Amino acid sequence: MQLQKLNRVYRHLYNAYVDSVNMEQLVEGGIRAMLEELDPHSVYLDKKEMKASQEVFEGEFSGIGVEYNVLNDTIIVVNTVVQGPAESVGVMANDRIVEIDGENVVGVERSDVPPRLRGERGTVVKIGVRRKGVEEMLNFSITRDKIPITTVDAAYLVKDKVGYIKVNRFGRTTMSEFGEAVARLGELDALILDLNDNGGGLLDQAVGLSGYFIPRDSLVVYTEGRAVEPRYYFAKDGGVFDGRLVVMINESSASGSEIVAGAVQDWDRGVIVGRESFGKGLVQSQIPLGDGSAMRLTVARYHTPSGRVIQRPYEMGHRDEYLKAHADRMRSTQSDSLKRELPKFKTLMSQREVYGGGGIRPDVIVESDTTMISKYMMRVVAQGVYNDFLLDYLDRNRARLEADYPTYEKFESDFYLSDEDLQQLVERAKTKGVEYDEAGYEQSRELMRTQLSAMIAQRLFTSSEFYRYINPRLNDIYRKAVEIVEDWSALAVPILKNPLK
């Protein structure tokens with residue numbers, strides 16, 4: 001009956017409405033509106049959104065291999081992919097792309113850049129580049145190639161045989177990237193797995209990562225729904241790494257990262273440290289709609305091995321309130337779970353208490369420290385002053401920096417962003433309409449100095465060096481994780497009640 005009603009409405013709009021109507025736009029708007037009346041995670045993706053989503057999860061696209069930003073109406077090359085097409089022909093970080101295939105692109109919108117630079121593998125794109133210190137425009141012909149989208153942001157040794165790996169999401173290549181990262185680090189006795197801000201992704205990769213730590217054939221997660229059969233997911237390889245394990249999560253860790261943290265916690269396999277996770281535990285079935293678009297419809301809920309529901313409570317049709325509640329949690333300095341009664345569950349090995357009610361509550365809670373964040377600093381960041389400062393600083397100093405700091409170790413021990421340098425940040429902020437606030441500047445000065453230094457390290461080396469620099473200086477969750485790893489018997493064993501042999 002309801003389907004007939006929809007069909008009748010469509011026919012009457014198409015045949016009898018006073019003006020011509022874009023029926024595709026109306027139908028897509030109607031689908032979105034219907035799904036918004038359901039849970040917060042059922043969504044409609046049009047053809048363009050589906051293509052972008054598939055690229056993220058598949059782990060590659062065809063392009064020229066640059067990380068870019070759009071500043072002051074100009075496309076700025078932030079970094080080039082090592083041995084990628086752009087680097088191979090001589091494109092460098094801080095280059096300004098001003099022409100693409102003969103067309104002036106100064107003033108282009110950020111969203112319009114990917115369609116111009118990406119394309120079929122083997123096709124050629126011509127770009128015109130302005131480079132600091134070079135008068136004439138540089139012209140490059142670049143043959144597009146497959147460009148990997150990495151999901152492991154960083155991997156380094158904290159100390160001898162203690163590794164740190166950050167996974168930003170779960171894509172098609174996550175487990176292969178993770179395996180390569182572990183191999184680069186060498187023999188490990190302990191691992192800090194950073195899932196902060198990891199919003200999830202592909203289920204099989206989250207199950208695979210969980211299985212890297214828990215015993216073979218152990219239950220990782222299961223799903224239940226009204227119209228679908230329960231499904232159970234088990235660790236296939238199991239227990240590849242059996243050393244000390246600390247998993248970092250925060251309020252933006254969701255879905256796949258909650259599956260990993262929940263499995264590790266329920267099997268008493270490692271210590272979870274940080275802040276209560278997002279609580280996204282709804283299973284979406286992706287339904288193609290015939291024209292390249294798709295609907296992701298929630299059909300079930302994820303449960304951890306002990307039976308905890310990962311999904312945070314919500315009201316049907318109240319998506320805005322749901323997202324606002326998360327934004328409020330992000331601004332809060334106190335873990336949400338401390339403010340409410342939570343159902344209790346038992347872990348599977350030591351029978352210790354863990355908590356349900358949505359999300360994963362860490363074994364060790366590290367509250368957010370916002371004491372160095374001032375309104376002045378927030379305005380500086382919001383106006384893009386950091387990026388402007390870095391662009392100018394690296395234009396003037398890159399050659400000297402590369403000569404003075406040939407290795408990251410040399411950079412970390414000797415590099416210092418001076419107060420005179422920071423005054424350049426202040427002056428640049430004024431030109432962007434950010435009025436100087438002495439008290440706010442003093443409150444945030446060291447925080448800004450550290451953040452900018454880490455960003456310089458990233459541009460001189462890789463994203464791993466960004467985290468190597470910033471983690472021990474600013475990341476309280478990381479510092480607690482290192483402390484736990486270093487004093488395992490005192491800080492971890494009493495929690496797990498199941499010491500490693």
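This is a short talk on the fold of one protein, with a look at one of its sheets and a few residues around it.

Okay, so before anything else: what you have in front of you is a predicted model. Let's start with the whole chain. The secondary structure comes to 18 helices and 21 strands. How does the radius of gyration sit with a compact globule? For 501 residues, such a globule would have a value near 23 Å, and the protein has 25 Å, which agrees. If you like to think in boxes, the C-alpha atoms fill one of roughly 75 × 65 × 50 Å along the principal axes.

Inside that box, 50% of the 501 residues count as buried. Take the contacts with a separation of 6 or more: residues 24 or more positions apart account for 70% of them. On the outside, the protein exposes about 24900 Å², with carbon and sulfur atoms supplying 50% of that. As for charge, there are 64 positive and 76 negative ones, and their mean positions are 3 Å apart.

Now, the sheet I want to walk you through. Six strands make an open sheet with mixed pairing, and the order is S10-S11-S12-S15-S16-S21. Which strands stand at the edges? Those are S10, residues 152-159, and S21, residues 364-365. Each has a single partner strand, so one side of each is left without a neighbour in the sheet.

Let's go in from the S10 end. S10 and S11, which is residues 162-167, run antiparallel and are joined by six bridges. If you want a pair to click on, Tyr 156 stands opposite Tyr 164 in S11.

Further along we get to S15, and here the pairing is parallel on both sides. Strand S12, residues 190-194, is joined to S15 by five bridges, running parallel. On the other side, four bridges link S15 to S16, residues 271-274, again parallel. Met 248 is a handy marker: Asp 194 stands opposite Met 248 in S15, and Met 248 in turn stands opposite Val 273 in S16. Is S15 enclosed or open to the outside? Five of its six residues are buried, so S15 is largely enclosed by the rest of the structure.

Stay with S15 and follow the chain out of it. The loop between S15 (244-249) and helix H8 (256-266) holds Ser 255. Why point at a serine? Most residues other than glycine have a negative phi. Ser 255, though, has a positive phi of about 55 degrees, and it is not a glycine. With 8% relative accessibility, Ser 255 counts as buried.

There's another one of these to look at, Asp 101. Its phi is also positive, about 50 degrees, and again this is not a glycine. Asp 101 is found in the loop between strand S5 (96-100) and strand S6 (103-104). Buried or partly exposed? Asp 101 is partly exposed, at a relative accessible area of 48%.

Last stop, helix H7, residues 203-211. Its buried residues are Gln 205, Ala 206, Val 207, Leu 209, Ser 210 and Gly 211. What covers them? The cover includes helix H6 (174-185), strand S13 (219-224) and strand S14 (231-234). It also includes S12 and H8, and we've already met both: S12 as a parallel partner of S15, and H8 as the helix after the Ser 255 loop.

That's my tour, thanks.

Terms used: Residues numbered from 1 in each chain as written. Predicted model: local features only at pLDDT ≥ 70, side-chain atom pairs only at ≥ 80, totals over all residues. Heavy atoms only, no water. Helix = DSSP H or I, 4+ residues; strand = E, 2+ residues; numbered from the N terminus. Rg over C-alpha atoms; globule rule 2.2 N^0.38 Å. Buried < 20%, exposed > 50% of the residue type's maximum accessible area, 1.4 Å probe, protein only. Contact = heavy atoms within 4.5 Å. Areas by Shrake-Rupley, 256 points an atom, 1.4 Å probe, with all protein chains shown as cover. Lys, Arg positive; Asp, Glu negative; His and termini not counted. Charge placed at Lys NZ, Arg CZ, Asp CG, Glu CD. Pairing = 2+ DSSP bridges.
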